[in-house]
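Trainee: Could you take me on a close look at a single part of this model, and show me how that part fits with what surrounds it? I would like one connected account.

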Amino acid sequence: MPRAKDVPGDAKTMFDAMRAFFRRCRSLQFYYLVISLVLLLALYPYVGRTGALLKVLTSVVLITGVYAVSNRRRQIAIALVLALPAFAAGWLFLITGLPLLDTVESAFTLAFYTFTTLVVLSRVLTSEEVTSDTISGAVSVYLLLGITWATAYDIVAAIHPGSFASAGILAYPDYLYFSFVTLATLGYGDITPLTDQTRSLAMLEAVTGVLYTAVLIARLVAARGWSPRQGRGQ
């Protein structure tokens, strides 16, 4: 991109406006991710348990996830290596119905979600100040934890059929629901893990949800520079 001082006349004004726009977009990386995650959770009951519309929602999460970790070249390279196979395999499975493609999609999606969660969490916890994008990142991590575990449940259930007890045949939206119920430690009991593998995953998710909330609050308070003495003086 040319430097602003090399652009003559009115073009310089347009150039400055474009730079400001891209800086604004860069400062909202986590905002786009959290919006895509909320849309997935809010709309998946209305777009069908499988099909193109659900795939669109999950694909948007992949795209915004890549953008959220695009601050460094190595991170964006790793994200693309994980996201592109997941994206391609997911749409090819929708077209062809080959079980192998579903397995490939799930494996790469799980790896991508895990990587994205760790990168965003690292940036949130090392942030020197609390901004709106920092808050968006913190919310994104919590939502990513839920869909990451949902993908793990889906994979385990595919490898070991009968890993869960429920009133009907389970699909990815059911694992998504069970994951967030577990993450929030609600435990409705309508879906029950039966095997050691799924029970272990459920326990780890519940503990992670509790610890994440505690650690996040402590970190955000520290970033604001709050102390008990300051709190009493206000």
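**The pocket and the helices around it**

Mentor: Happy to. Let us begin with one side chain: that of Ser140 comes to 3.5 Å from the backbone oxygen of Phe30. Ser140 belongs to helix 6, and since its relative accessible area is 0%, under the 20% cut-off, Ser140 is buried. Please keep in mind that this is a predicted model.

Before going further, here is the overall layout. The protein has nine helices and two strands, and from the N terminus on they follow the order α-α-α-α-α-α-β-α-β-α-α. Of its 234 residues, 39% are buried.

Now to the pocket itself. The largest pocket holds about 750 Å³ of space. Its lining is made of 32 residues, and Asp102, Glu105, Ser106, Asp154 and Tyr172 are the ones nearest its centre. By type, the lining divides into 18 nonpolar, nine polar and five charged residues. Five helices each supply at least two lining residues: helix 3 (52-68), helix 4 (73-96), helix 5, helix 6 and helix 7 (172-183). The largest share, eight residues, comes from helix 5, which makes helix 5 a natural place to go next.

Helix 5 covers residues 99-125. At 1.5 Å a residue, its 27 residues should span 39 Å, and the end C-alpha atoms are indeed 39 Å apart, so the expected and computed spans agree. Its buried residues are Leu101, Glu105, Ser106, Thr109, Phe112, Tyr113, Phe115, Thr116, Thr117, Val119, Val120 and Val124. Two names on that list, Glu105 and Ser106, are also among the residues nearest the centre of the pocket.

What happens where helix 5 gives way to helix 6? Thr126 lies in the loop between the two. On the helix 5 side we have Leu125, which counts as partly exposed because its relative accessibility is 28%, between the 20% and 50% cut-offs. Thr126 has a relative accessible area of 55%, over 50%, and is therefore exposed. The side chain of Thr126 reaches back to the backbone oxygen of Ser122, at 2.6 Å. Two C-alpha distances help to place this corner of the model. Leu125 and Ala138 are 13 residues apart along the chain, with 8.7 Å between their C-alpha atoms. Thr126 and Arg219 are 93 residues apart in sequence, yet their C-alpha atoms are separated by 8.8 Å.

Past that loop comes helix 6 (132-159). Its 28 residues reach 41 Å from the first C-alpha to the last, close to the 40 Å expected at 1.5 Å a residue. Helix 6 is mostly covered, with 20 of its 28 residues buried, and Ser140, where we started, is one of the buried residues of the protein.

Helix 6 also brings us to the packing of nonpolar residues. In soluble globular proteins, nonpolar side chains tend to be buried together. Here, the largest nonpolar core has 48 residues, and Phe112, Ile147 and Tyr153 have the most contacts inside it. The elements giving two or more residues to this core are helix 2 (29-43), helix 3, helix 4, helix 5, helix 6, helix 7 and helix 8 (196-223). Helix 6 gives the largest share of this core, 12 residues. Comparing the two lists, helix 3, helix 4, helix 5, helix 6 and helix 7 appear in the pocket lining and again in this core.

That leaves helix 7, which is mostly covered: 11 of its 12 residues are buried. The buried ones are Tyr172, Pro173, Asp174, Tyr175, Leu176, Phe178, Ser179, Phe180, Val181, Thr182 and Leu183. Tyr172 is also one of the residues nearest the centre of the pocket. The geometry of helix 7 checks out too: 12 residues at 1.5 Å each should span 16 Å, and its end C-alpha atoms are 16 Å apart, so the two values agree.

Just after helix 7, the backbone does something to look at. Most residues other than glycine have a negative phi. Thr185, however, takes a positive phi of about 55°. Thr185 sits in the loop between helix 7 and strand 2 (192-193). Its relative accessibility is 48%, below the 50% needed to be called exposed, so Thr185 counts as partly exposed.

Conventions. Residues are numbered from 1 along each chain as its sequence is written. This is a predicted model: local features need pLDDT of at least 70, side-chain atom pairs count only at pLDDT 80 or more; totals for chains, interfaces and linings use all residues. Side-chain values use heavy atoms; hydrogens and water are left out. Helices (H or I, at least four residues) and strands (E, at least two) are DSSP runs, numbered from the N terminus. Buried means under 20% relative accessible area, exposed over 50%, partly exposed in between (1.4 Å probe, protein chains only). A polar contact is a pair of N or O atoms within 3.5 Å; within protein, one must be able to donate a hydrogen and the other to accept it, and residues adjacent in sequence count only if both atoms are side-chain atoms. On a 1 Å grid over the protein atoms alone, a cavity is a set of points where a 1.4 Å probe fits but cannot get out, and a pocket is an open set with protein on both sides within 12 Å along at least five of seven lines; lining residues have an atom within 4 Å of a point. Grid points are joined across faces, edges and corners, and a volume is the space filled by probe spheres set on the points. Ala, Val, Leu, Ile, Met, Phe, Trp, Tyr, Cys and Pro count as nonpolar, Asp, Glu, Lys and Arg as charged, and the others, Gly among them, as polar. The expected span of a helix is 1.5 Å times one less than its number of residues. A nonpolar core is a set of buried Ala, Val, Leu, Ile, Met, Phe, Trp, Tyr and Cys residues joined through side-chain atoms within 4.5 Å.
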